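User: Got a minute to go through this one with me? I'd like to start with how the helices pack.

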Amino acid sequence: MIQRTLVVLKPDTIQRKVAGEIISRFERLGYTIIAAKMMNASEELLFKHYEWIGALLTRKWQKVFDLTSSMMRGWPVFAMVLEWIEAIDVVRKVVWPTEPKSAAPGTIRWDYATMSYGYADANALWVVNLVHASATVEEAEQEIPLWFNESEFVK
Ligand code: TYD
């Protein structure tokens, strides 16, 4: 199936100046960028993204939600929509899981980060993991229109 998925390069990716390297991994797989922008994510957008869609607040405690939201607002992010065969599952596989310590070698979160839930929780840090990618078809269908207007897609 040809699918579309939302990818957001988080502030840590932009600060470390590895956005190009990460984008090239998706391009190497054959994905096409059909919408993209540098932006400052608003508190409202992040609440909808992480709670309405992701239920992060429901799954974790308030402190984790607040940290995640404020870190995502502390620096610009690069949001894009990728399209091609099985985009949601394949891109997620290259990115996942949430905790870099548990990620498989070769995934982005393994290759660029080391954070564990244990260290993050003990030190009031968020789990630095570079990239967001839609997890399911339902999530992609909700996230893409949240981050992009129809007019922002290339024809
Ligand atoms: P989540 O939606 O669970 O993971 P994913 O990004 O893999 O879909 O969490 C959203 C982000 O919130 C996650 O990428 C990093 C941050 N986070 C923490 O900082 N600590 C945590 O314990 C969790 C679950 C998430």
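**Helix crossings, salt bridges and surface**

Analyst: Sure. Keep in mind that this is a predicted model. To start with the packing, helix 2 passes helix 6 in a right-handed crossing.

User: What's the crossing angle of helix 2 and helix 6, and how close do the axes come?

Analyst: The angle is roughly 140°, and the axes come within 11 Å. Helix 2 covers residues 19–29 and helix 6 covers residues 87–95.

User: So what do we call that orientation for helix 2 and helix 6?

Analyst: Oblique. The cut-off for roughly antiparallel is over 145 degrees, and with a crossing of roughly 140° the two helices are therefore classed as oblique to each other.

User: What about helix 3 and helix 5, how do they cross?

Analyst: Their axes cross at roughly 130° and come within 10 Å, with helix 3 spanning residues 43–53 and helix 5 residues 62–73. That makes this pair oblique too, and the crossing is right-handed.

User: OK, switching to electrostatics. How many salt bridges are there?

Analyst: The count comes to five. One of them joins R4 and E83, at 2.9 Å from N to O. R4 sits in strand 1 (residues 2–9) and E83 in strand 3, so to speak distant parts of the chain, 79 residues apart.

User: Are R4 and E83 buried or exposed?

Analyst: Neither label fits: R4 is partly exposed at 37% relative accessible area, and E83 is partly exposed at 24%.

User: Which residue does E152 pair with?

Analyst: E152 forms a salt bridge with K37, and the closest N and O atoms are 3.0 Å apart. E152 lies in the segment after helix 9 (137–147), while K37 is in strand 2 (residues 32–39), 115 residues away along the chain. E152 is partly exposed, at 30% relative accessibility.

User: And where are D121 and K60?

Analyst: D121 is in helix 8 (residues 117–122), and K60 is in the loop between helix 4 (56–59) and helix 5. Their salt bridge has its closest N and O atoms 3.4 Å apart. D121 comes out at 28% relative accessibility and K60 at 23%, so each counts as partly exposed.

User: Now the surface. Which residues make the nonpolar patch?

Analyst: I2, W84 and I85 make a patch of about 300 Å². I85 belongs to strand 3 (residues 77–85) and is partly exposed at 43%.

User: Last one: where's K17?

Analyst: K17 is in the loop between helix 1 (11–16) and helix 2. K17 is exposed, with a relative accessible area of 74%.

Note on methods. Residues numbered from 1 in each chain as written. Predicted model: local features only at pLDDT ≥ 70, side-chain atom pairs only at ≥ 80, totals over all residues. Heavy atoms only, no water. Patch = residues over 30% accessible without salt bridge, like charges linked within 9 Å, V, L, I, M, F, W, Y side chains within 5 Å. Areas by Shrake-Rupley, 256 points an atom, 1.4 Å probe, with all protein chains shown as cover. Salt bridge = Lys/Arg side-chain N within 4 Å of Asp/Glu carboxyl O. Helix = DSSP H or I, 4+ residues; strand = E, 2+ residues; numbered from the N terminus. Buried < 20%, exposed > 50% of the residue type's maximum accessible area, 1.4 Å probe, protein only. Axes fitted to C-alpha atoms, helices over the stretch in contact; angles between N-to-C directions. Parallel < 35°, antiparallel > 145°, perpendicular 65-115°, else oblique. Left-handed = near helix turned anticlockwise from the far one by under 90°.
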